[in-house]
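These notebook entries record what I looked up in the structure shown below. I proceed from whole chains to single residues.

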Amino acid sequence: MLFTVLAKKAYARNLQYRASHLLHNVVSLVFGFIYIRIWAGLGEGSPLGEYGSQGMVAYIAFNQCLLWVTMFITNGLGLEQSVRTGQIALDLLRPAHLFYQAMSREWGQIAYQFLYKSLPIYILYFFMFSLRLPDNGLVFLWTAVAVAFAAYLSICIQYLIGLAALWTIESRWFFWLNYALGMLLAGFFIPLSWVPGWLRALSFCSPYPYLLYVPTRQYMGLDGPGALLGAAGWACALTALGFFATRLARRKLEVQGG
Amino acid sequence: MKANLRLYVLLIRASVRGAMQYKFNFIGSAFVSALVQFSEFLMVALVLVRFGSVDGWSWYEVGYLCGVMTLARALYRSFASDVHYLEKYLVSGDLDPLLLRPVPLLLALMTQNVRLLVGDLAQGALLVAVCLRELLASGQADWTAIPLTLLAIVSGAVLLFAIGLATAACGFWLTRIEALQNMSEDAARSAAQYPLTLYPRWMRTLLLVALPVGLVSYVPALYIVRGEYGAWLLVAAAGAAAVFLLLALRLWTLGVSRYQSTGS
C-alpha cells in the first residue's frame, strides 16, 4: 500500500539522523525546562487555579512533547521546495492524490518524531519533575485519539501552507505566521481558560486549540471525550479545504526551476 | 578600520537596495518577524496580567527585560545579518565566492541579505518605552534610566553578536550548527528574558558566565530599574561584551583558517 511505503520511507530517512536529532531533543528539553521553571516561579505566589502548581508543570511538559507531533512537522510538508524545483509537476502527475502522498510521508515523519523525540523527552520530564500518569486506562485511549487528530490537523494546515507556494513561491512566512499564531492560540504556554475572553473566543474559532490544549486536557483527565468532536469537525473541514485547494492548484501549476 | 567602516556602510546600503527590489517580500518579512516576537511576548504578558508578578518582578519590570532583549537581538540581527546563516554557506559552498572578494570575510557576511528588523525594533522600543514610563512615573527609576537603557541595549547587542559569531565560528569545524544556535542563541535568550532567580544555581551561573546572555538585560535591569548593587553592573556588562567580542573574533579567525570547502 502506498501509504505504508511512503510513511516507512520517511521514517527510515529520519532514522539516519538519529544522532544529530539527539541534539534537538536536548534543546527542546531545555526550552521546556525554562517554561516549567517560570510556572514554578509563578506557582510560589499563587495556587494556580484548577491546575495547581504541579498540574501546570505537567501541562507544560506534555505540551512541549506534543510540539514534536504538531508544530514541529515538515515546513509546508516540503511542497514549497517542490514548487521551487519544479518537482511539484511530477508529483501532480502521479496516479495518487497530492494530499495523500504528502500526508503519507508526513505520518512517517510524525511516527519517528513521536518515538524519538516526544517519548524520550516526556520520560525525562516524568522523572525530573515527578509527574503522574493518568490512573484511568480510558484516558490513554482518548488522549491517543486527541493526539492523532492533532497530528492530522497539523498535516492539513501545513498542506495548505505548502500549496500556497504555488501562488506566492515563498511560503515561509505562512509557516512562521502559523507557528506564532499557533503557539498563542493553542494554549502552549498559558491554558486557554486563563486568557482574556476575546482571545479565547478567537482561538476556539480556529483549529489551534485541538493541537495542544485539548489533547493535554484529555491527558490530564480534565475533559471528557466530547471535547474531541470539535477536532473531528475541523478534520473534515480542513480535509475538504485541502482537496479544494489542490483542485485550484492543478489549474495554477507553473513549472519553476530547471 | 575607517576604510572598512566606509565599505560596511556602502555594502549595507547596496544590500538594502537589493532587497527593496522585492518590496512586498521585504515588508512582509519584517511584519511577520514582528508578529512572531509579539505573540511570544503576548504569551508572557498574558500570564503576568493574570498573576501579577514573577518571582517578585512586576509586569513592567519583566516587560522591560523582554523589551531590552528584543531590541538588542534586533540590532544584532540587523547589523550582522548573514553571520547567523553561515551554515547555509558552508553546506552549499557559497562561502568560496565571498572569500575571493577583496573585503574581510566577516564584513562580507555581515552585509549579505541585510534585513532591517523594523518591526522587531519598533515593538521592542514600544515595550521599553511603556515600561520605562511607568517605572519613571512610579518613581522607581529616575531619568538616568533612559541613557543607561540605551547603553545596555548597545552593549547587549554587541554581546549577542559575540555569542552568535562564536557559535557560527564553530561551524568551520562542525558544518551543521543549527541545533547549536538554537541552544546558544534562542534557548539562552528565552531564558534570559525572565528574572534569572527562577532557575537553579548552576543554570544561573551558566547564563552569567559561560553563555552570558544574562548580562544583556537581566544584570543591567537589576541596577537600572531595581536599583540593586550599583552602576558598576553596567560597566561590568559592557566590559564583558567587549571581552567576549574579542574572544569571538579570535575564534572566528582561527575558524576561517581551518575552512575547507565542500565537495562537488
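**Entry 1. Chain A as a whole**

How many helices and strands does the secondary structure of chain A come to? The model is a predicted one, and in it I count 11 helices and zero strands for chain A. Reading from the N terminus, I accordingly note the order α-α-α-α-α-α-α-α-α-α-α. I then looked up the radius of gyration of chain A, which is 19 Å; the globule rule gives 18 Å for 258 residues, so chain A is as compact as a globular protein of that length. Along the principal axes, I find that the C-alpha trace of chain A spans about 60 × 45 × 30 Å.

For burial, I recorded that 45% of the 258 residues of chain A count as buried. I also examined the contacts in chain A with a separation of 6 or more: 81% of them are accounted for by residues 24 or more positions apart.

**Entry 2. Chain B as a whole**

I repeated the look-up for chain B, whose secondary structure comes to 12 helices and two strands. Along the sequence, I read the pattern α-α-β-β-α-α-α-α-α-α-α-α-α-α for chain B. Chain B has a radius of gyration of 19 Å, which agrees with the value near 18 Å for a compact globule with 264 residues. I note a box of roughly 60 × 40 × 35 Å for the C-alpha atoms of chain B, taken along the principal axes.

Of the 264 residues of chain B, I find that 41% count as buried. Among its contacts between residues at least 6 apart in sequence, 76% join residues at least 24 apart.

**Entry 3. The contact of the two chains**

How many residues does the contact take from chain B and from chain A? I recorded 26 residues from chain B and 25 residues from chain A. On the side of chain B that touches chain A, at least two residues each come from helix 2 (23–51), strand 1 (53–54) and helix 9 (178–191) of chain B. Helix 2 of chain B gives the most to this side, with 13 residues. By class, I divide the residues of the side of chain B that touches chain A into 16 nonpolar, seven polar and three charged.

**Entry 4. Helix 3 against helix 6 in chain A**

I next looked at one helix pair in chain A. Helix 3 (residues 52–66) and helix 6 (residues 98–128) pack at an angle of about 160 degrees, with their axes 8 Å apart. Because of that angle, I enter helix 3 of chain A as roughly antiparallel to helix 6 of chain A, the cut-off being over 145 degrees. The crossing of helix 3 past helix 6 of chain A is right-handed.

Which residues of the two helices meet? From helix 3 of chain A, I list A61(A), Q64(A), C65(A) and L66(A); from helix 6 of chain A, I list S118(A), I121(A), Y122(A) and Y125(A). This contact has six nonpolar, two polar and no charged residues.

**Entry 5. Two buried residues of chain A**

Is Q218(A) buried or exposed? I find 25 C-beta neighbours inside 10 Å, and Q218(A) therefore counts as buried. This residue lies in helix 10 (residues 213–219) of chain A. Leaving aside neighbours within four places in sequence, I find Q218(A) in contact with V139(A), W142(A), T143(A), A146(A), D223(A) and A227(A). By contrast, I noted a C-alpha to C-alpha distance of 33 Å between Q218(A) and H97(A), which are 121 residues apart in sequence.

I then turned to Y159(A), found in helix 7 of chain A. Y159(A) has 24 C-beta neighbours inside 10 Å and so counts as buried. Outside four places in sequence, I recorded contacts of Y159(A) with L77(A), F99(A), A102(A) and G242(A). The C-alpha atoms of Y159(A) and G242(A) are separated by 7.1 Å, although these residues are 83 residues apart along the chain.

**Entry 6. Positive phi in residues other than glycine**

Most residues other than glycine have a negative phi, and I therefore looked up two residues with a positive one. Phi of S130(A) is near 40 degrees. S130(A) is in the loop between helix 6 and helix 7 (137–168) of chain A, and with 10 C-beta neighbours inside 10 Å it counts as exposed.

In chain B, I noted T175(B), with a positive phi of about 65 degrees. T175(B) is placed in the loop between helix 8 (145–174) and helix 9 of chain B. With 13 C-beta neighbours inside 10 Å, I enter T175(B) as partly exposed.

Notes
Residues are numbered from 1 along each chain as its sequence is written. Chains are lettered from A and ligands numbered from 1 in the order in which they are written. This is a predicted model: local features need pLDDT of at least 70, side-chain atom pairs count only at pLDDT 80 or more; totals for chains, interfaces and linings use all residues. Axes are lines fitted to C-alpha atoms, for helices over the stretch in contact, and angles run from 0 to 180 degrees between N-to-C directions. Helices (H or I, at least four residues) and strands (E, at least two) are DSSP runs, numbered from the N terminus. Angles under 35 degrees count as roughly parallel, over 145 as roughly antiparallel, 65 to 115 as roughly perpendicular and the rest as oblique. A crossing is left-handed if the near helix is turned anticlockwise from the far one by less than a right angle, and right-handed if clockwise. Two residues are in contact if their C-beta atoms, placed from the backbone, lie within 7 Å. Ala, Val, Leu, Ile, Met, Phe, Trp, Tyr, Cys and Pro count as nonpolar, Asp, Glu, Lys and Arg as charged, and the others, Gly among them, as polar. The radius of gyration is taken over C-alpha atoms; the globule rule is 2.2 Å times the number of residues to the power 0.38. A residue is buried if 20 or more other C-beta atoms lie within 10 Å of its own, exposed if 12 or fewer, and partly exposed in between; C-beta atoms are placed from the backbone.
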